[in-house]
Amino acid sequence: MTMPDLNLLVTLDVLLTEGSVAGAARRLKLSPSAMSRALARLRAATGDPLLVRAGRDLVLTPRALEMREQAGRLVLDAGRMLRPAEDVDPAGIVRMFALRVTDGFVENYGPALLARLERDAPGVRLRFVQKVNKDSGPLREGLIDLEIGVIGEETSPEIRTRALFRDRFVGAVRADHPLAAGDVTPARFAACRHVSVSRRGRERGAIDAALSPLGLERPVAVLVGSFATALALARASDLVASVPERHTARLRDGMHTFELPVATPPLTVSMLWHPRMEADPAHRWLRRWVYELCAGAPAD
């Protein structure tokens with residue numbers, strides 16, 4: 001079966017609305033002869049004359065009258081489909097979003113996220129998914145809607161990103177730890193036992209690289225996979241945890257925090273999503289909302 005020329009729908013809608021070949025030609029900016037050819041094509045496609053002579057005027061056939069309202073709806077729906085999606089009213093969103101985040105993010109931003117949901121988008125629910133690596137597979141497969149974290153080597157090149165905030169590493173110890181008193185020098189810092197964080201099991205990182213030129217090496221007593229675990233161990237022992245300052249603010253309540261005695265590269269925390277969600281109105285709203293909350297500024 002041959003597919004009809006769908007471009008004729010617009011012509012049909014205008015022709016049936018005007019009820020006149022001349023009027024339709026003016027609206028479509030066509031010559032009368034071009035409009036007459038279009039009418040002939042419509043007659044062939046529909047198997048109906050559509051407009052017939054009644055004295056000096058043209059009148060719509062019963063089939064044309066039947067199609068007039070339907071043609072208008074089809075053209076309107078097609079126009080909406082082929083235009084960019086409009087902004088959505090958050091109060092009308094009924095959806096669950098899966099966010100892959102760290103424990104620190106949930107601790108710091110979770111309460112504010114939930115409070116705003118309750119106020120502005122009561123039909124939206126969040127599912128926080130534990131971040132175990134930076135593999136982009138779950139974003140690509142639609143298992144995760146949005147990820148918050150640092151872009152890494154495992155992040156696929158097609159993934160869209162937007163920076164949320166910059167962070168830096170600080171040291172954290174229990175309140176009565178020896179490092180809580182006096183200046184923390186590289187030598188004092190390196191003399192303590194440390195808890196190190198690495199999801200990939202790496203024992204050495206940027207801090208170790210900064211200590212090395214000074215002839216110092218920190219003893220790592222335990223290796224863990226999250227900053228929350230590192231802080232829990234440091235809170236209950238003599239271990240020193242080195243963690244992102246802003247990302248772990250609430251997790252460090254009651255602990256002593258100090259600047260590291262060596263320089264380490266800053267971190268850029270970003271949100272990541274798959275390109276297929278780029279134009280989705282509800283997802284666009286979610287990204288603006290997360291940006292405003294985390295970056296502390298209105299999103300563009």
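Q: How much space lies in the second largest pocket?
A: This is a predicted model. Nine lining residues can be named: P4, D5, L6, L8, L9, L12, L42, A45 and T46. The space in this second largest pocket is about 170 Å³.

Q: Which helices each supply at least two residues of the lining of the second largest pocket?
A: The lining includes L8, L9 and L12, and also L42, A45 and T46. Residues 8-18 form one helix and residues 32-46 form another. The suppliers of at least two residues each are helix 1 and helix 3.

Q: How do the residues lining the second largest pocket divide by class?
A: The lining includes P4, several leucines such as L6 and L8, and A45. Proline, leucine and alanine count as nonpolar. D5 and T46 are also in the lining. The division is seven nonpolar, one polar and one charged.

Q: How much space lies in the largest pocket?
A: The lining of this pocket runs to 35 residues. By class they are 14 nonpolar, 10 polar and 11 charged. The space in the largest pocket is about 1,000 Å³.

Q: Which residues lie nearest the centre of the largest pocket?
A: The elements giving two or more residues to its lining are strands 5, 8, 10 and 12, plus helix 8. Strand 8 covers 194-197 and strand 12 covers 267-273. Two of the central residues fall in those ranges, V197 and L267. The full set nearest the centre is K134, F169, V197, F227 and L267.

Q: Which strand pairs with strand 10 in the antiparallel sense?
A: Strand 10 spans 240-244. V243 in strand 10 stands opposite V170. V170 falls within the partner, residues 169-173, and four bridges make the pairing. The antiparallel partner is strand 7.

Q: Which residue stands opposite A241 in strand 10?
A: Strand 10 also joins strand 8, and these two run parallel. Two bridges hold that join. Opposite A241 stands V195.

Q: How many of the residues of strand 10 are buried?
A: Buried means under 20% relative accessible area. By that cut-off, strand 10 is mostly covered. The count of buried residues is five of five.

Q: How many cavities of 30 Å³ or more does the structure hold?
A: The largest has about 60 Å³ of space. The second largest has about 40 Å³. The number of cavities of 30 Å³ or more is two.

Q: Which elements give two or more residues to the lining of the largest cavity?
A: The lining is T102, D103, G104, Q130, K131, R199, S226, F227, A228 and H247. D103 and G104 fall in the helix at 103-120, while F227 and A228 fall in the helix at 227-235. The elements are helix 5 and helix 9.

Q: Which residues line the second largest cavity?
A: By class the lining has two nonpolar, two polar and three charged residues. The lining of the largest cavity has two nonpolar, five polar and three charged. The second largest cavity is lined by K131, K134, E147, G149, V150, T155 and L272.

Q: Is A206 buried, partly exposed or exposed?
A: A206 sits in helix 8. Beyond four places in sequence, A206 is in contact with T264 and P265. Its relative accessible area is 41%, and the band from 20% to 50% is the middle class. So A206 is partly exposed.

Q: How far apart in space are A206 and G55, C-alpha to C-alpha?
A: A206 belongs to helix 8. In sequence, A206 and G55 are 151 residues apart. In space, C-alpha to C-alpha, they are apart by 91 Å.

Q: Is K29 buried or exposed?
A: K29 lies in the loop between helix 2 and helix 3. Its phi is near 55°, a positive value in a residue other than glycine. Relative accessibility is 74%, and the cut-off is over 50%, so K29 counts as exposed.

Q: Is L50 buried or exposed?
A: L50 lies in the loop between helix 3 and strand 1. Its phi is also positive, near 65°. The relative accessible area is 0%, so L50 is buried.

Q: How many disulfides does a search of the whole structure find?
A: A disulfide is a covalent bond between the sulfur atoms of two cysteines. C192 is buried at 15% relative accessibility, and C294 is buried at 0%. The cut-off for a disulfide is sulfur atoms within 2.5 Å. The number of disulfides found is zero.

Definitions and conventions: Residues are numbered from 1 along each chain as its sequence is written. This is a predicted model: local features need pLDDT of at least 70, side-chain atom pairs count only at pLDDT 80 or more; totals for chains, interfaces and linings use all residues. Side-chain values use heavy atoms; hydrogens and water are left out. Buried means under 20% relative accessible area, exposed over 50%, partly exposed in between (1.4 Å probe, protein chains only). On a 1 Å grid over the protein atoms alone, a cavity is a set of points where a 1.4 Å probe fits but cannot get out, and a pocket is an open set with protein on both sides within 12 Å along at least five of seven lines; lining residues have an atom within 4 Å of a point. Grid points are joined across faces, edges and corners, and a volume is the space filled by probe spheres set on the points. Contact means heavy atoms within 4.5 Å. Two strands pair if DSSP finds at least two bridges between them.
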